[in-house]
Amino acid sequence: MRASEKAYQRIRQEIVSWQLAPGSLLGEVELSARLGVSRTPVREALSRLVAEGLAAPRGGRGIVVSELSPSTLNSLYELRQTLESAAAGLAAERGETETFTQLAQRFTQARTSLQAGIKAEAYYELSAELDTALDQQCGNPFLATALRQLRPQLARARRMSREHRTRLAETATEHARICTAIASRDVRLAQAATTVHLHNSLKHLMQTIETVEESV
C-alpha cells in the first residue's frame, strides 16, 4: 500500500470513528510523525479528505476535521433519502431475497443484543453489511457509486448515536423492517420503511446536537 493511501485510510478511519472530533487540527508534522510517513503522503491524504468533505481548510489554522452542523446534516439526509430509498426499491425489485432475509434476522437479533449491552461497534459492522448489500443488489452501478461517496460522512453522523442504546435498538428494528420489505419484493414498502428510518435518524441527530449545545 502506498504511503499516501496508508495515511488516508488511517486518518479517515479516525475521523469517521470520532477519534478525531470535528474541529480537530490535522497538522502535517504531527500526523507524519504519528503515522510514520513523510509529510508529502500526509498532504496528499489531506487533499483527498478535503475533497470528500471530511476535512476543511480553516483560515490561519491549516486543515481541520469538518463540522457536522445542523445545516450539513439536513443536506446530507436530503440526498441520503433520495439515494437510499431508490436503492431499497431497486433491491426489492432486482435483488436476491435470501440476502435480505438473513439480514432481517440478524438485525432482529442485534436489537436484543444491544439491549443486553453488546458493544455498539458490532452493530455498526452489521449496518455496513446492509450498505454493501444495497450497493450490490440495487443493480445500478451509478447509484451504488453515489452512495459509496456519501457514506464516509454518513458513517460519521451515525456514530453520534454511539451512547444512545435506545435509539440504536430502534434503528435495528427499522433496519429489519427495510430488509423484510426488500426480501418480500415490496418496492413501495421498502422505500417507505427507508424514508421512516431516515426521518427518525435525522430527528435523533438534531436532538443530540441540541442537547450538546445546551450543555455547553
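Are Phe-107 and Tyr-123 buried or exposed? In this predicted model, Phe-107 is buried, and Tyr-123 is buried as well. These two residues make a good starting point for a walk through the structure.

A pair of aromatic rings is described by the distance of the centres and the angle of the planes. The count of aromatic pairs here comes to 1. In that pair, the ring centres of Phe-107 and Tyr-123 are 5.9 Å apart and the planes meet at 70°, so the arrangement is edge-to-face. An angle over 60 degrees is what earns that label. Phe-107 belongs to helix α5 (residues 97-115) and Tyr-123 to helix α6 (residues 120-137), so the pair ties together parts that are 16 residues apart in sequence. Tyr-123 is also one of the residues that Phe-107 touches when those up to four places away in sequence are not counted; the others are Leu-126, Ser-127, Leu-130, Ala-172, His-175, Ala-176 and Cys-179.

The same two aromatic residues appear again in the largest nonpolar core, which has 26 residues. Those touching the most other members are Phe-100, Leu-103, Phe-107, Tyr-123, Leu-130, Cys-179 and Ile-182. At least two residues of this core come from each of α4 (70-94), α5, α6, α8 (165-183) and α9 (187-215). Helix α8 gives the most, with 8 residues. A second core, separate from this one, has 19 residues, including Leu-68, Cys-138, Leu-198 and Leu-205.

Another aromatic ring has a charged partner. The ring of Tyr-8 has the charged end of Arg-48 sitting over it, 3.6 Å from the ring centre.

Empty space is the next topic. Rolling a probe the size of a water molecule over the atoms shows where empty space is left. The structure holds 2 cavities of 30 Å³ or more, and the second largest cavity contains about 70 Å³ of space. Its lining consists of Arg-80, Glu-84, Ala-88, Leu-130, Asp-131, Leu-134, Arg-158, His-175, Ile-178, Thr-194 and His-197. Helices α4, α6, α8 and α9 each supply at least two residues of that lining. Leu-130, met above as a member of the largest nonpolar core, is thus also found beside this cavity.

His-197, another of the lining residues, is found in helix α9. With a relative accessible area of 3%, His-197 is buried, because buried means under 20%. Leaving aside residues up to four places away in sequence, His-197 touches Arg-80, Arg-167, Thr-171, Glu-174, His-175 and Ile-178.

The largest pocket holds about 350 Å³ of space. Of the 17 residues that line this pocket, Ala-128, Asp-131, Arg-151, Ala-155 and Arg-158 lie nearest its centre. Helices α1 (3-16), α6 and α7 (141-158) each supply at least two lining residues, and α6 gives the most, with 7. Asp-131 and Arg-158 line this pocket, and both also line the second largest cavity.

Where, finally, is Gly-36 placed? Gly-36 is in the loop between α2 (28-35) and α3 (39-52). Its relative accessibility is 59%, so Gly-36 counts as exposed, the cut-off being over 50%. Along the chain, Gly-36 and Cys-138 are 102 residues apart, and their C-alpha atoms are separated by 40 Å. Cys-138 is included in the second core of 19 residues.

Conventions. Residues are numbered from 1 along each chain as its sequence is written. This is a predicted model: local features need pLDDT of at least 70, side-chain atom pairs count only at pLDDT 80 or more; totals for chains, interfaces and linings use all residues. Side-chain values use heavy atoms; hydrogens and water are left out. Rings of Phe, Tyr and Trp (its six-membered ring) pair if their centres lie within 6.5 Å; planes under 30 degrees apart count as stacked, over 60 as edge-to-face and the rest as tilted. Helices (H or I, at least four residues) and strands (E, at least two) are DSSP runs, numbered from the N terminus. Buried means under 20% relative accessible area, exposed over 50%, partly exposed in between (1.4 Å probe, protein chains only). A charge sits over a ring if NZ of Lys or CZ of Arg is within 6 Å of the ring centre and within 35 degrees of the ring normal. A nonpolar core is a set of buried Ala, Val, Leu, Ile, Met, Phe, Trp, Tyr and Cys residues joined through side-chain atoms within 4.5 Å. Contact means heavy atoms within 4.5 Å. On a 1 Å grid over the protein atoms alone, a cavity is a set of points where a 1.4 Å probe fits but cannot get out, and a pocket is an open set with protein on both sides within 12 Å along at least five of seven lines; lining residues have an atom within 4 Å of a point. Grid points are joined across faces, edges and corners, and a volume is the space filled by probe spheres set on the points.
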